[in-house]
Amino acid sequence: MIKQRGYTSTSVLQFFTISCLLLLSFSGSVTAYKNYTVGDSLGWYDTLEKPTVNYQKWAAAKNFSLGDFLIFNTDNNHSVVQTYNFTIYKLCDDNDALQNDTIEWSAANPSATVPYPVSVPVPLVKEGMNYFFSSDYDGEQCQNGQQFKINVTHGQGLPKSLEEPDDAPAPNSPDFGSDDSAPDTIVPANFNHPIEEESDKDEDSGSFSLLFNSLDRKLNGFLILLGIFCIF
C-alpha cells in the first residue's frame, strides 16, 4: 500500500510540472501580432467600383492592437490615408492635416491611363481611434464608402521593429524619401509579419526547451530517490 501511494504522488507531481511548462510554452503564441487584409477579397475600393464593400462592418468583427498591420490591396487610382484627427476624417480631406496626426501611405495617380495593383501595409503604432480613408477626387471615394475607423488597444505593445524616434519623418513630410529615411513600404498581398517577432518566438521556445530538459533531469533524480525511499 505504501508503494502505491508513493507512485500516485509522483504521478501527480510529474503531471503538474509538465502542465505548467506547457502552459508557459503556449502563452506567447496566444498574443501574436496579426495582419488584417482590409475588405478581405474585395480589397480597398469605393462603392462605385465595388458596390458591396462595407469597411466599417468588416472592422467591427475584429480586435486591433499595437503592432498589428492593415494590408490595403487596391490600385493606383485609390489612396490610403491614416489620421488620428476626426475632423480630417469627417471632411474626407487631408489638405489641412498636420504632419503629426495624418499620414498618406499611398497616393493615387489620376494621370495613369492603365490602373495597376498596389498593396500597402500600414502598421498600427498608436492606441485609441485610428481613421482611414481615400482622399482623392475631392473626397468622392471617401464619401462613397472608402473609409472606416477602428479602436487600437495596447495588446502586448509595439515590437522593436516599429519603435521609432520621436523626430522620425512621416511618410508625407518633405524629409521623407531622403537618403537618411526609410524606403516606401509597398509589399505583395501575401506580406508576412516582421521576421523579428518570429525570431523572438523561436528564442522563447528554445529557452522553454532548455528549462524543460533541466527540470526533467532533476525530476528524474527526485523520482529515483523517492523510489529508493519507498522500497525501504
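This is a short tutorial dialogue on reading the fold, the sheet and one loop residue of a predicted model.

Me: Where do I start with the overall fold: how many helices and strands does the protein have?

Reply: A good first step is to list the elements and then their order. This predicted model has 5 helices and 8 strands. Along the sequence they follow the pattern α-β-α-β-β-β-α-β-β-β-α-β-α.

Me: What share of the contacts with a separation of 6 or more comes from residues 24 or more positions apart?

Reply: Such pairs make up 77% of those contacts in the protein. As for the interior, 34% of the 232 residues count as buried. The outside has an accessible surface of about 14,400 Å², and carbon and sulfur atoms contribute 57% of that area.

Me: Now the sheet. In what order do its strands lie?

Reply: Read a sheet from one edge to the other, rather than along the chain. Here 5 strands form an open sheet with the order 2-8-7-4-5, and the pairing is mixed. Strand 2 and strand 5 are the edges, each pairing on one side only.

Me: Which way do the neighbours of strand 8 run, parallel or antiparallel?

Reply: Take each neighbour in turn. Strand 2, residues 64-65, runs parallel to strand 8 and is joined to it by 2 bridges. In that pairing F64 stands opposite V152, and S65 has T153 as its bridge partner. Strand 7, residues 128-133, runs antiparallel to strand 8, with 6 bridges between the two. On that side, F133 is partnered with Q147.

Me: Which side chains of strand 8 are buried?

Reply: The thing to look for is alternation along the strand. In strand 8, residues 147-153, the buried side chains are F148, I150 and V152, which point to one face. Q147, K149, N151 and T153 point to the other face and are not buried. You can now place two of the bridge partners: V152, opposite F64, is on the buried face, whereas T153, the partner of S65, points to the other.

Me: Let's try a loop residue. Where is N95, and is N95 buried or exposed?

Reply: N95 sits in the loop between helix 3 (86-91) and strand 5 (102-106). To classify a residue, compare its relative accessibility with the cut-off, which for exposed is over 50%. N95 has 64% relative accessibility, so N95 counts as exposed.

Me: What separates the C-alpha atoms of N95 and S135?

Reply: Here you compare spacing along the chain with distance in space. N95 and S135 are 40 residues apart along the chain, and their C-alpha atoms are separated by 9.0 Å.

Key
Residues numbered from 1 in each chain as written. Predicted model: local features only at pLDDT ≥ 70, side-chain atom pairs only at ≥ 80, totals over all residues. Heavy atoms only, no water. Helix = DSSP H or I, 4+ residues; strand = E, 2+ residues; numbered from the N terminus. Buried < 20%, exposed > 50% of the residue type's maximum accessible area, 1.4 Å probe, protein only. Contact = heavy atoms within 4.5 Å. Areas by Shrake-Rupley, 256 points an atom, 1.4 Å probe, with all protein chains shown as cover. Pairing = 2+ DSSP bridges.
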